[in-house]
2 protein chains.
Amino acid sequence: MQVGTLTIVGVGLIGGSIGLAAKRRGIAKRVLGVGRHQSTLNLAQDLRQIDAGFLELAPAVAEADIVMFCTPVQMIADQARAAATSCRPECIFTDAGSTKRMIVAALDGILPKQIRFVGGHPLAGSEKRGPEYADANLFQDRLTVLTPTPHTDQTALDRVQQLWKALGARVKLMNPGDHDAALAITSHLPHVVASALAGVLPPELRELTATGFRDTTRIAAGDSELWTGILAQNRTAILDALAQFGKRLADFQSALADERDATLTNLLDQAKKVRDALGS
Amino acid sequence: MQVGTLTIVGVGLIGGSIGLAAKRRGIAKRVLGVGRHQSTLNLAQDLRQIDAGFLELAPAVAEADIVMFCTPVQMIADQARAAATSCRPECIFTDAGSTKRMIVAALDGILPKQIRFVGGHPLAGSEKRGPEYADANLFQDRLTVLTPTPHTDQTALDRVQQLWKALGARVKLMNPGDHDAALAITSHLPHVVASALAGVLPPELRELTATGFRDTTRIAAGDSELWTGILAQNRTAILDALAQFGKRLADFQSALADERDATLTNLLDQAKKVRDALGS
């Protein structure tokens, strides 16, 4: 896998990690970054995540072979449409957004014919933000989901798949709706649950938390604007996931209230089996 | 702080860590362990957590200066009453149970006069079990709560406090009911929430989980019998905590359903502030 120019729009934890891995592994001849703040671009350049930084899309995508959008999900479709007016024919667009259905619907078969879009989502990251937290091995042995549709160009899909494999990831293909329904359970629901849990802790009880509370609420430290965007793009699936979770929680609640301790053990045991199967 | 003979009843992660720290730091001249399985006692002895192991309480507590109960919460009161018939006058009993109200009520002022009981709870541990996971620094800079009552002997309280400080812990005094109400929020609620969350993950979505789901559900891997005991000893406070959590979750749910995204951002932001304040 060799890319001539890889342009990364949004040089944060994810974008910076892609740039760092692409440069260290010799995947791209040149990595360009687009950001809103010159200071962030300078930092990303100092950290060897990008070769040059741009505050504007047009000059950064003009010579790109692949443009990777790593910005908040609600910005991706607009930025891709804007970038499409400035890039070369045959340029491939892809993204790293946590939701896929709305982004793909806004771009798939709608961008100018010569631009080929492939939706993507690396299942990696953290509650941290910014290029200073980038990690060249962030994607190593982790899963990246790509969400082709009947409109997706096969060559573009192959190239994006090769790019992620070269970055160290395993790749799985799903349709955008299935991706969003699955991630509603595996990522968006945990975020809401962790945030609701953090929300009930009064300041005077902080000193009485230990690793359990900290682990369970860790992702609640994620950026609130970023997560509002994600939740808003996957409302229905997340509401379904919340309903399932609420039902399960009610099972615990009634077993506890009715002193049905065998049921409680059974519920805890089912959860333990699931968690044990995930590994550490 | 010097203890002649420290007897640890229940040599698992917590008991083993106490023994290991007590021996490494020269706090106890002799550490005796009580367990149900000879193999576990042998392992704890091989790992230098105890000097000798016993399958029976009576011989293990006969010469003890301090007896520390580290068994599941529902067993502690019965074991303490049994041990009281075999130990020396002036022996101090204490425990490391995750709930305090029922244990203290069952022992405080009820044990033979010469036995002095101090309830305790080190806020440390993990979802792992057994002496193989013991850690001599498990309590270092962590909080241990002691729950004296008007019946508690001041000298015994001082000794137990000194013991925990020598093991590396900070000590906080609370009354048993306040302890249980606080831990319902900071420890027991997260356990139920993490377990309910793990319970909604179908096997086919396992590969689509990342660190967020894993962190949020980590404690669900805890032992189900152990946790049934804890939940059963603190039912009312946990049901109150679940009601608070349910209310908070409903706020997220309605903001999401009604597309009140500013409210969503506000809720996420409140959670982020709480989590940021806890540190990593």
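Buried here means under 20% relative accessible area, a cut-off worth keeping in mind as you look through these views of a predicted model.

**View 1. Strand β8 of chain B is covered on both faces.** Start with the side chains of β8(B). B:L143 and B:V145 sit on one side of the strand, B:T144 and B:L146 on the other, and all of them are buried. In a regular strand, side chains take turns pointing to the two faces of the sheet. Look along β8(B) from residue 143 to residue 146 to see how its two sides are made up.

**View 2. β8(B) pairs with β7(B) and with β9(B).** Which sense does each pairing take? With β7(B), the pairing is antiparallel and runs over three bridges. Here B:H121 stands opposite B:V145 of β8(B). With β9(B), which covers residues 170–173, the pairing is parallel and runs over four bridges. On that side, B:T144 stands opposite B:V171. You can therefore follow B:V145 to B:H121 and B:T144 to B:V171, using the definition that two strands pair if DSSP finds at least two bridges between them.

**View 3. B:A136 lies in the loop between β7 and β8 of chain B.** The loop links a strand at residues 120–122 to one at 143–146. Is B:A136 buried or exposed? B:A136 is buried, because its relative accessible area is 7%, and the cut-off is under 20%.

**View 4. B:A136 meets residues from far along the chain.** What does B:A136 touch, once its neighbours within four places in sequence are left aside? Its contacts are B:S17, B:L20, B:A21, B:R24 and B:R25. Take a moment over B:A21: this residue and B:A136 are 115 residues apart along the chain, yet their C-alpha atoms are separated by 4.4 Å.

**View 5. Chain A, seen as a whole, has 11 helices and nine strands.** The C-alpha trace of chain A spans about 65 × 40 × 30 Å along its principal axes. Its radius of gyration is 21 Å, which agrees with the value near 19 Å for a compact globule of 280 residues. Buried residues make up 58% of the chain. Of the contacts in chain A between residues at least 6 apart in sequence, 71% join residues at least 24 apart.

**View 6. The surface and charges of chain A.** Chain A exposes about 10900 Å², with carbon and sulfur atoms supplying 49% of that area. The chain carries 30 positive and 29 negative side chains, and the centres of these two sets lie 5 Å apart.

Notes: Residues are numbered from 1 along each chain as its sequence is written. Chains are lettered from A and ligands numbered from 1 in the order in which they are written. This is a predicted model: local features need pLDDT of at least 70, side-chain atom pairs count only at pLDDT 80 or more; totals for chains, interfaces and linings use all residues. Side-chain values use heavy atoms; hydrogens and water are left out. Buried means under 20% relative accessible area, exposed over 50%, partly exposed in between (1.4 Å probe, protein chains only). Contact means heavy atoms within 4.5 Å. The radius of gyration is taken over C-alpha atoms; the globule rule is 2.2 Å times the number of residues to the power 0.38. Accessible areas come from the Shrake-Rupley method with a 1.4 Å probe; for residues, only the protein chains shown count as cover. Lys and Arg count as positive and Asp and Glu as negative; His and the chain ends are not counted. The place of a charge is taken as NZ of Lys, CZ of Arg, CG of Asp or CD of Glu.
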